[in-house]
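Open your viewer and get ready to click along. Each stop gives you something to select and tells you what to look for there.

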Amino acid sequence: MRTPIVAGNWKLNGTRASVRSLAQSILDGLSSVHADTQVVVCPSFVHLGDVAAVLDGTRVALGAQDAADQEQGAFTGEVAAAMLAEYGCRYAIVGHSERRHVYGESDAFSAAKFAAVRAAGLTPIYCVGETLEDRENGATHAVVERQLRAVEQHDGVAGLDEAVIAYEPVWAIGTGRTATPEQAQDVHRFIRETLRNGASVNILYGGSVKPDNAAALFAMPDIDGGLIGGASLQADDFLAICAATRSE
Ligand code: PGA
């Protein structure tokens, strides 16, 4: 079932004290956010325990920013999805553009992570999106479809039924350059039509979402919420974005 979701991706930021305080400030301001909106925060791995302690028993869910493609074994530096579940994570971001483009992670590798996250009982927030070059070449739909099909090839078509998809045009992430609501809606509709059970899948928009552009994006018919980077590091901004979700 489609529900409004806003997830904060805290990336490589914070100290143990600052992430606890950010989580607490979000809880303190939650009364402005519609009860049906699922709020998620994704701190770094090492901050999960601190943030979990603050969020315990509240309506804000915990997510991780990534997960290993493997369950266990000799994989130095990796963190398995089951380890994240033990910390109370309900979500894990998979295939973020910084993993794909800064760290060179392929479609197939992202798909293997997706399968590992689902196998551990977590919901993947699976990121797809085109580069500026792809967009200028008219390849936006083809790139997004390729990223979705990679998951189907690895995990079967049913896998995506239970995921959250985040459409994040690479050229809009951290650049202050947001897709227009119409540009985002076009790709969201395409994703919904491409998925087997698209009518019931939550599709978030990400890329320079701020308090002053969130409502126009979230008002589009196929946009169910957002994946928020920079603006999720300020509680007031993040709460204003959460409050901008549709409340049907
Ligand atoms: P941004 O990041 O909101 O800072 O553009 C979004 C993301 O990377 O998920």
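Which residues does Phe190 touch, not counting residues up to four places away in sequence? Select Phe190 and show its surroundings: you should find His141, Val144 and Glu145, where contact means heavy atoms within 4.5 Å.

Before moving on, a word on what you are viewing. This is a predicted model, in which local features need pLDDT of at least 70 and side-chain atom pairs count only at pLDDT 80 or more, while totals for chains, interfaces and linings use all residues. Residues are numbered from 1 along each chain as its sequence is written, and side-chain values use heavy atoms, with hydrogens and water left out.

**Stop 1: around Phe190**

Phe190 sits in helix α8, residues 181-194. Helices (H or I, at least four residues) and strands (E, at least two) are DSSP runs, numbered from the N terminus. Phe190 counts as buried because its relative accessibility is 14%; buried means under 20% relative accessible area, exposed over 50%, and partly exposed in between, using a 1.4 Å probe and protein chains only. Now draw a distance from its C-alpha atom to that of Val144: the two are separated by 8.9 Å, although they are 46 residues apart along the chain.

**Stop 2: Glu145 and its partner**

From Phe190, step across to its contact Glu145. The side chain of Glu145 meets that of Arg149 in a salt bridge, 3.0 Å from N to O. A salt bridge here is a side-chain nitrogen of Lys or Arg within 4 Å of a carboxyl oxygen of Asp or Glu. Both residues belong to helix α7 (residues 140-155), and because they are 4 residues apart they are separated by about one helical turn. Glu145 is partly exposed at 28% relative accessibility, and Arg149 is partly exposed at 28% as well. Elsewhere, select Arg2, Arg192, Asp222 and Asp224 together: salt bridges that share partners join them into one network.

**Stop 3: Asp50 and two arginines**

By the salt-bridge rule the count comes to 18. One of them pairs Arg16 with Asp50, with the closest N and O atoms 2.9 Å apart. This pair links distant parts of the chain, since Arg16 is in helix α1 (residues 16-28) and Asp50 in helix α2 (residues 48-55), 34 residues apart. Asp50 also forms a salt bridge with Arg20, at 2.6 Å between the closest N and O atoms. Here too distant parts of the chain are linked, Asp50 in α2 and Arg20 in α1 being 30 residues apart. Colour the three by accessibility: Asp50 is buried at 10%, Arg20 is partly exposed at 33% and Arg16 is exposed at 53%.

**Stop 4: one face of α1**

Stay with α1 and select its buried residues, Val19, Leu22, Ala23, Ile26 and Leu27. Look down the axis of α1: these residues fall within an arc of 140°, so they line one face of the helix. The arc is that of the directions from the helix axis to the C-beta atoms. What covers them includes β2 (38-42), α2, β3 (60-64) and α10 (235-243).

**Stop 5: Lys113**

Is Lys113 buried or exposed? Select Lys113 in helix α5, residues 107-119, and you will find it buried, with a relative accessible area of 1%. Leaving aside neighbours within four places in sequence, its contacts include Asp66, Ala67, Val94 and Glu105.
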